[in-house]
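Student: I am new to this structure and would like a close look at one part of it. Please take the cysteines, then go on to the aromatic rings.

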Amino acid sequence: MADAVKIAVSWKKYLADEFEKEYFGQLTDFVRNEYQNYAVYPPGKEIFRAFDCADFDALNVVIIGQDPYHGPGQANGLCFSVREGIPFPPSLKNIFKEIQADLGKPMPQSGDLERWARQGVLLLNATLTVRAGEAGSHQKKGWEQFTDAVIKAISDNKSNVVFLLWGAYAQKKGEIIDRNKHLVLMSAHPSPFSADRGFFGNKHFSKTNEFLKSKGLKEIEW
């Protein structure tokens, strides 16, 4: 089973045991069946793109999302990110607004956040796949157990990682993070329904860079 999972080499030694577990075999069967019978996002080759773009050893920041976008052509395997040329969904637009207010950076042209991932930002959705037009359709099938294992592997095997937990769902998922080894920043979710209740003004992007700088680590070009 482990050999069948195409995940970046730097992650494999930390996650290989997960691929051998019964739940992951069942998850693989479920996901394979979904891709064969329905439109599912992201494209199959991008399911593990977050890991492909952010090397484990170079990882300094983790942002936790919930589901991939379920609209056509949006999801690209990185949480909150969309493909080049796709209009920004509301949460992503609010993220860029906060960066603008926090760091004075102009609104970018592209919503593809690979540029963050390549700097060591893991853009991790709790559920890595979704059926087109059906938000939450692949929840409670095993993905959450796998992504909990990812978070635990980072918490246990690294130090001085900044975890950005936006909204109650991400905060609950982040309860397993060792606060003595890592910086955990929490606020409301950037969704239009909650951004005014604490996401705007959280200054998470400057706070992340201040922490990384204090540890002698490279700051993120947000």
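Student: How far is the sulfur of Cys53 from the closest cysteine sulfur, and why is there no bond?

Tutor: This is a predicted model, in which local features need pLDDT of at least 70, side-chain atom pairs count only at pLDDT 80 or more, and totals for chains, interfaces and linings use all residues. Residues are numbered from 1 along each chain as its sequence is written, and side-chain values use heavy atoms, with hydrogens and water left out.

The closest cysteine sulfur to that of Cys53 belongs to Cys79 and is 12 Å away, too far for a bond. A disulfide is a pair of cysteine sulfur atoms within 2.5 Å, and the structure holds 0 of them. Cys53 is buried at a relative accessible area of 5%, where buried means under 20% relative accessible area, with a 1.4 Å probe and protein chains only. Cys79 is buried too, at 1%.

Now the rings. Rings of Phe, Tyr and Trp (its six-membered ring) pair if their centres lie within 6.5 Å; planes under 30 degrees apart count as stacked, over 60 as edge-to-face and the rest as tilted. The whole structure has 22 aromatic pairs. One of them joins Phe205 and Trp222, with centres 4.9 Å apart and planes at 75°, so it is edge-to-face. Phe205 is buried at 0% relative accessible area, and Trp222 is buried at 9%.

An aromatic cluster includes Trp11, Phe51 and Phe56. The charged end of Lys158 sits over the ring of Phe56, 5.4 Å from its centre; this requires NZ of Lys or CZ of Arg within 6 Å of the ring centre and within 35 degrees of the ring normal.

Definitions and conventions:
Buried means under 20% relative accessible area, exposed over 50%, partly exposed in between (1.4 Å probe, protein chains only).
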